Amino acid sequence: MNNTFLAIDIGSSAVTAVIAKHDLDNNINILGTGIQKSNGINKGLIINIEEASKAIKDAVSVAKRSTTEMIDTTVVSISGSYSKSIRSSGSVNVPNGLITETEINQVMQMALYNATIVPEYEVVHVVPIFFKVDDSVEVDNPLNMNGSRLEVSVYIVTAKRTALTNIKSALKISGIEIVKFVLDSYASALAVLDEQQRKFGAIVINLGSTTTEFVYYKGNSIIFNGFIPVGSNHITNDLSVMLHTPPTAAEKIKLEYGSLTRNYSPNNELGVTKVKIPRIGDEESISEVALDYIQTIIHARVEEVLVLVKNKLKKSGLLDNTGSGIVITGGMSYLDGIKKLTEKIFDGIPISISNPKNIKNGFMSFDEANMATIVGLLFYSLGTNRSYQLDSSKKLIKPLRKDRVVEPKISVTNTMASEKPTMEMNMNNKEHIQIKDNGAILTPLIKDKKKGVSKFWSKVSEWF
Ligand SMILES: Nc1ncnc2c1ncn2[C@@H]1O[C@H](COP(=O)(O)OP(=O)(O)OP(=O)(O)O)[C@@H](O)[C@H]1O
Ligand SMILES: [Mg+2]
């Protein structure tokens, strides 16, 4: 076991693969990266196994080109589009009066056992919302506490078995047999939230190409997650249909002129009011379209997405207390004026736009909004900001000892010159950090079956 892992974000516009390694000093070395335009994937679902397999294989092969390390673990993002989440709770006695990982595992397994999982769904995460020792206040981490009874309240994410099986099939041709699944929006939250936001709670909205996924994150837990099957590609489609222009031209217009707030009225200070666009079916013929008309089309679609998210959050009751506010990420967060429109729709709630933080390396730029999921997968694998929880194989995984971790500090080296980039974690006390996070600690309970059961983006845009 040398802690080398492969993270794969299967997005609807791109598949990103990263091979990384972490050592006992908690340094992460990015050993290789690969990115491919997605095919056979829509709204986070694999709709053509052959095409998706090829996109994944190509991304993984490119990542593998720069390393010969054997991969121990593979983590793969899954979309909220085929997930269902429920809450549950469990409690166990503490026979020796001291809570160890044995009791933590038992209580988590008990909470899972007590949950009714829909038969065609599989468990992806069992994350503690809080623990209680005897009748104590809520605690984040009960390890080494004294008590006679341990309780836990958990958030369980499950995903449709057929969707997971399709991902597994698509990974097979890359020789990947065993994977851990991680919910896309959970990974995004791990990547973009800072310590204060995690402490007071925050909503993260990942505006992707075909999906908008959101999560309420507090402490070390997800409390709610949701999904809207609309993303930035819908803007492109709208422009293509309304302006009778090919999708490639529509995408270009969106990226170049897309804005929710810019003044495109006659005599504006930008000095542009119209653009020339090709007509669909007859690309020789060019027509002129007013930019304020384009703006109206874009505005209508983005407003619709944000209102749908707001309604779902309102229904969940979480809008009454958003903690530190809403953080937007994902490719569509680059749209000019998105912050202003979100502020208007979520009246009074603080809004910020955030890219994943702190990972730089010689292969690719990670501090881009569309990198939130892949960076979150790396943090998940490392154990950063993770609680004790059950992973998708229902095994207990440990947190990285947060009290000793300061934000990751990265040193950058030129990998093209065959030097490996490193991400150094800045610690107060390195020797106490636990990082062998993915190993099984204890076996799960067997359930009675009957009981309910920018830089980067300019590259991607070339593909359109
Ligand atoms: N300036 C911009 N304005 C609007 N949309 C943009 C802009 N820049 C990038 N995008 C959009 O971001 C999307 C890609 O974002 P991202 O990589 O987060 O999606 P994805 O993860 O592949 O998709 P999904 O999450 O739906 O599976 C594309 O649809 C692209 O057009
Ligand atoms: Mg995405």
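Which residue takes a positive phi just after helix 10? In this predicted model, Gly-383 does, with a phi of about 100°. The legends below begin with the whole chain and return to helix 10 later.

**Figure 1. Overview of the protein chain, with 11 helices and 22 strands.** The chain has 464 residues, of which 47% count as buried. The largest nonpolar core holds 121 residues, and Ala-7, Ile-56, Met-108, Val-204 and Leu-378 touch the most other members. Helix 8 (residues 291–316) gives the most to this core, contributing nine residues.

**Figure 2. Close-up of the shell around ligand 1, made up of 22 residues.** The closest residues are Gly-11, Gly-208, Ser-209, Gly-331 and Asn-370. By residue type, the shell has 15 polar residues, six nonpolar and one charged. Domain 1 (1–82 + 161–193 + 357–451) and domain 3 (198–353) each provide at least three residues of the shell. Helix 6 (232–243) and helix 7 (247–257) are each the source of at least two.

**Figure 3. Close-up of helix 2, residues 101–114.** From first C-alpha to last, the 14 residues of helix 2 reach 20 Å, close to the 20 Å expected at 1.5 Å a residue. Helix 2 is mostly covered, with 10 of its 14 residues buried. The buried stretch consists of Glu-103, Ile-104, Asn-105, Gln-106, Val-107, Met-108, Gln-109, Met-110, Ala-111 and Leu-112. These buried residues pack against strand 7 (83–93), strand 8 (121–133), strand 10 (149–160), strand 19 (389–390) and strand 20 (396–397).

**Figure 4. Close-up of Met-108, one of the buried residues of helix 2.** Neighbours within four places in sequence are left aside here; beyond them, Met-108 is in contact with Val-126, Pro-128, Val-152, Val-154, Leu-390 and Leu-396. Met-108 is also among the members of the largest nonpolar core that touch the most others.

**Figure 5. Close-up of helix 10, residues 372–382.** Helix 10 is largely enclosed by the rest of the structure, because 11 of its 11 residues are buried. Those residues are Ala-372, Thr-373, Ile-374, Val-375, Gly-376, Leu-377, Leu-378, Phe-379, Tyr-380, Ser-381 and Leu-382. Leu-378 also belongs to the largest nonpolar core, where it is among the residues touching the most other members. Gly-383, just after the helix, has the positive phi of about 100°.

**Figure 6. Close-up of Thr-373 in helix 10.** Thr-373 counts as buried because 30 other C-beta atoms lie within 10 Å, where 20 or more are required. Leaving aside neighbours within four places in sequence, the contacts of Thr-373 are Asp-9, Gly-11, Ser-77, Asp-184, Ala-187 and Ser-188. Of these contacts, Gly-11 is also listed among the closest residues to ligand 1. Gly-330 lies 43 residues from Thr-373 in sequence, with 8.4 Å between their C-alpha atoms.

**Figure 7. Close-up of two loop residues, Asp-134 and His-244.** Asp-134 is in the loop between strand 8 and strand 9 (138–139). Although not a glycine, Asp-134 has a positive phi of about 50°. Asp-134 counts as exposed because it has 12 C-beta neighbours inside 10 Å, and the limit for exposed is 12 or fewer. His-244 is in the loop between helix 6 and helix 7. His-244 is not a glycine either, and its positive phi is about 55°. With 16 C-beta neighbours inside 10 Å, His-244 counts as partly exposed.

How values were computed:
Residues numbered from 1 in each chain as written. Chains lettered and ligands numbered in written order. Predicted model: local features only at pLDDT ≥ 70, side-chain atom pairs only at ≥ 80, totals over all residues. Helix = DSSP H or I, 4+ residues; strand = E, 2+ residues; numbered from the N terminus. Expected span 1.5 Å × (residues − 1). Contact = placed C-beta atoms within 7 Å. Near = placed C-beta within 6 Å. Nonpolar A, V, L, I, M, F, W, Y, C, P; charged D, E, K, R; others polar. Domains from an automatic or database assignment. Core = buried A, V, L, I, M, F, W, Y, C linked by C-beta atoms within 7 Å.
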